[in-house]
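Biologist: I should like to learn how to read a structural model feature by feature. Please begin with the general idea each time, and then turn to the case at hand.

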Amino acid sequence: MRLIKDYVARKFMFLLTLVPTFIVVLIVFGLFQKSKPILLAKSFTGLLFSSAWQPLKGQFGLFPFIMGTLWVTFVALIIAVPISLLTAVYLSEYAPRWVRDLAKPIIDLLAGLPSVVFGVWGILAVVPLVGDVIAPLFGTYSSGYSILAGGIVLAVMIFPTIIHVSLEVFASIPYPLREASLSLGATKWETVRYVVLRKGAQGIIAAGVLGLSRAFGETMAVLMVVGNVPVVPKSVFSPGYPLPALIANNYGEMMSVPQYDSALMLAALVLLVVVLSFSVLARWILVRAERRAE
Amino acid sequence: MTRGPEASRLRRRKWTERVFTWLMAGSTFLVIGSLLVIIGTIVWKSLPVLKLSMITQTPKGGYYLGKEGGILNAIVGSLYLAIGATILAFLFSLPVVLYLNLYARKNSRISSLTRFVFDVLWGIPSIVYGAFGFLIMVFFGLRASLLAGIITVALLELPIMSRAIDEVMRMIPGELAEASYSLGATRLETALKVIVRQCLPGILTAVLISFGRGIGDAASVLFTAGFTDRIPTSLFQPAATLPLAIFFQLGSPVAEVQRRAYASAAVLTLIILLISVVSRVLIKRITKHVIK
């Protein structure tokens with residue numbers, strides 16, 4: 001009887017284990033099916049690289065939205081990567097114990113804050129900062145609802161991701177390596193630069209890629225501060241309209257305009273495919289780094 | 001002491017060291033500070049409007065024009081949704097992770113594939129889950145409802161929870177399971193009575209982390225859970241959620257309603273903080289059953 005129970009449980013768990021894989025396939029397949037009508041009606045490159053977005057006239061150029069996403073993500077990475085890396089190095093190599101014990105839960109908490117909360121903060125603090133302080137500083141005008149505001153908010157959101165992965169990478173570097181460098185008279189920073197950062201280079205890239213894919217799909221926080229104007233952005237002070245915001249903003253009317261839902265599902269599919277390839281890339285880099293370490 | 005170029009080089013190296021130490025400490029300060037600034041800003045802006053009636057009343061007529069009422073509908077809706085989704089995701093995650101760690105051979109193809117798939121699922125943006133949930137809804141002819149929202153959010157939570165549980169379970173030494181087998185226990189008995197108990201603190205953290213994610217996510221429920229001023233009484237009714245309540249109130253042109261959005265954001269932040277504190281306290285108390 002106990003053995004039968006065990007057998008049944010085993011089969012049952014095995015079946016459940018197949019489900020996650022099935023879900024991924026189903027998501028890709030489902031979105032593809034739904035975006036098929038528009039893919040059949042229009043040329044693929046036309047959809048991706050046309051700037052004409054007029055759903056009522058049946059024009060669905062996703063280019064402004066793709067550019068909006070790229071701009072925001074890029075700005076966020078430029079801000080987040082150096083700051084997160086320096087923080088991770090500090091926490092793993094320099095910081096006294098109490099700072100480490102203080103910082104860990106705070107970073108966890110930052111990771112757990114809902115994106116709407118980031119968005120509200122963005123509207124209250126970042127948008128006025130960009131509009132009233134940073135833009136005049138550069139001698140331009142900006143309403144504040146801009147690529148830069150979106151990038152800053154996103155950067156804060158992806159700090160925890162990059163810091164976490166980098167900390168793991170640094171922790172996996174053996175201590176004797178550092179000691180060897182220090183005993184040769186290198187300063188601590190020189191040890192970090194020539195030993196820790198070099199040894200962990202691949203892991204750091206993977207951390208960046210993971211942060212990138214997080215930033216790429218973030219919806220609500222960005223949507224709230226980025227302005228949502230469907231044109232290709234000209235500078236960081238101009239508004240943009242990223243892909244996720246496009247999907248989120250238009251779910252209401254998408255059923256009433258022909259091909260609209262299909263276009264939005266295509267947008268979701270593009271997001272999914274990009275993020276999937278980032279995941280695979282990050283994984284590949286990490287696995288290779290691990291193999292080399294062994 | 002050496003003089004000349006040697007000494008100046010040493011000075012430069014020491015100077016670089018100092019600059020970078022400051023840069024690093026500054027970055028850390030910035031990261032830690034950003035959390036405090038975010039919470040501070042939201043609390044500061046919401047203090048003048050935060051009234052008890054906000055969290056004890058549902059919206060009355062004209063609430064979105066600045067009249068009386070509260071966001072109880074959204075708070076309860078979010079709790080229902082997140083609790084449902086967390087239970088669903090847990091019923092899924094635990095067996096799968098147990099299978100990966102006890103039944104499947106180490107580094108077998110299925111376990112590495114499944115772990116990889118969890119990583120992939122973890123990376124999928126919540127708006128894509130929202131779109132997918134919407135597709136499922138349309139496919140089964142469901143309307144936006146609590147149930148559809150629960151299913152979508154469960155999908156979103158699944159990888160978060162599974163990865164977190166898996167991380168703890170992998171840490172358990174193999175001897176523990178072997179000791180149990182050698183006493184004649186089957187794998188199922190070992191799993192439920194030894195391994196799960198040993199991982200309990202970790203499992204609990206995983207559940208609470210996913211719960212926090214579920215309650216705070218807006219993009220996935222945007223299409224699926226709908227929005228209503230009433231508290232849902234069945235799975236097939238639409239449910240308001242706190243993140244969406246914040247979002248919609250912010251979109252209002254009435255200043256009073258916008259300020260309520262800040263207050264709602266403060267409520268949501270408070271819930272998240274509470275979850276984090278509770279999980280820390282619980283872990284300390286539960287750890288006493290764990291064999292070290």
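Biologist: Which pattern does chain B follow when it is read along the sequence?

Modeller: One should bear in mind throughout that this is a predicted model. Chain B reads α-α-α-α-α-α-α-α-α-α from one end to the other. The count is accordingly 10 helices and 0 strands.

Biologist: What radius of gyration does chain B have, and what would a compact globule of 292 residues have?

Modeller: The general idea is to set the computed value beside a reference. For a compact globule of 292 residues the reference is near 19 Å, but chain B has 25 Å. The span of the C-alpha trace of chain B along its principal axes is about 75 × 70 × 40 Å.

Biologist: What percentage of the residues of chain B count as buried?

Modeller: In chain B, 46% of the 292 residues count as buried. A further descriptor is the sequence separation of contacts. Taking the contacts in chain B between residues at least 6 apart in sequence, 75% join residues at least 24 apart.

Biologist: How is chain B divided into domains?

Modeller: The domain assignment gives domain 1 as 5-46 and domain 2 as 56-289. The centres of these two domains of chain B, taken over C-alpha atoms, are separated by 35 Å. Their contact takes 5 residues from domain 1 of chain B and 5 residues from domain 2 of chain B. On the domain 1 side, the residues divide into 3 nonpolar, 1 polar and 1 charged.

Biologist: How far apart are the C-alpha centres of domain 1 and domain 2 of chain A?

Modeller: Chain A is divided into domain 1 (2-47) and domain 2 (64-293), and their C-alpha centres lie 28 Å apart. Here the contact takes 11 residues from domain 1 of chain A and 8 residues from domain 2 of chain A. Helix α1 (residues 2-41) of chain A gives the most to the domain 1 side, with 10 residues. By class, that side of domain 1 of chain A has 9 nonpolar, 1 polar and 1 charged residues.

Biologist: How many residues does each chain contribute to the contact between chain B and chain A?

Modeller: The size of an interface is often given as the accessible area lost when the parts come together. Residue counts offer another description: 69 residues come from chain B and 66 residues from chain A. Several helices of chain B each supply at least two residues of the side that touches chain A, among them α3 (72-103), α6 (146-171) and α8 (187-216). The largest share of that side comes from α1(B), with 20 residues. By class, the side of chain B that touches chain A has 48 nonpolar, 14 polar and 7 charged residues.

Biologist: Are α8(B) and α10(B) roughly parallel or antiparallel to each other?

Modeller: One reads this from the angle between the helix axes. The axes of α8(B) and α10(B) come within 9 Å and cross at roughly 175°. Angles over 145 degrees count as roughly antiparallel, so α8(B) and α10(B) are roughly antiparallel to each other. Residues that meet across this pair include Leu204(B), Leu208(B) and Phe211(B) in α8(B), and Ile271(B), Ile275(B) and Leu282(B) in α10(B). The contact of α8(B) with α10(B) comprises 13 nonpolar, 4 polar and no charged residues.

Biologist: Does Gly77(B) count as buried or exposed, and why?

Modeller: The general idea is to count neighbours: a residue is buried if 20 or more other C-beta atoms lie within 10 Å of its own. Gly77(B) counts as buried because 29 C-beta neighbours lie inside 10 Å. Gly77(B) is found in helix α3 of chain B. Apart from neighbours within four places in sequence, Gly77(B) is in contact with Ile231(B), Pro232(B), Ala239(B), Ala240(B) and Thr241(B).

Biologist: What phi does Asn228(A) have?

Modeller: Most residues other than glycine have a negative phi. Asn228(A) has a positive phi of about 55°, although it is not a glycine. Asn228(A) lies in the loop between α10 (220-225) and α11 (243-250) of chain A. With 18 C-beta neighbours inside 10 Å, Asn228(A) counts as partly exposed. Beyond neighbours within four places in sequence, the contacts of Asn228(A) are Leu223(A), Pro239(A), Tyr241(A), Ala245(A) and Asn249(A).

Terms used
Residues are numbered from 1 along each chain as its sequence is written. Chains are lettered from A and ligands numbered from 1 in the order in which they are written. This is a predicted model: local features need pLDDT of at least 70, side-chain atom pairs count only at pLDDT 80 or more; totals for chains, interfaces and linings use all residues. Helices (H or I, at least four residues) and strands (E, at least two) are DSSP runs, numbered from the N terminus. The radius of gyration is taken over C-alpha atoms; the globule rule is 2.2 Å times the number of residues to the power 0.38. A residue is buried if 20 or more other C-beta atoms lie within 10 Å of its own, exposed if 12 or fewer, and partly exposed in between; C-beta atoms are placed from the backbone. Two residues are in contact if their C-beta atoms, placed from the backbone, lie within 7 Å. Ala, Val, Leu, Ile, Met, Phe, Trp, Tyr, Cys and Pro count as nonpolar, Asp, Glu, Lys and Arg as charged, and the others, Gly among them, as polar. Domain bounds come from an automatic or database domain assignment. Axes are lines fitted to C-alpha atoms, for helices over the stretch in contact, and angles run from 0 to 180 degrees between N-to-C directions. Angles under 35 degrees count as roughly parallel, over 145 as roughly antiparallel, 65 to 115 as roughly perpendicular and the rest as oblique.
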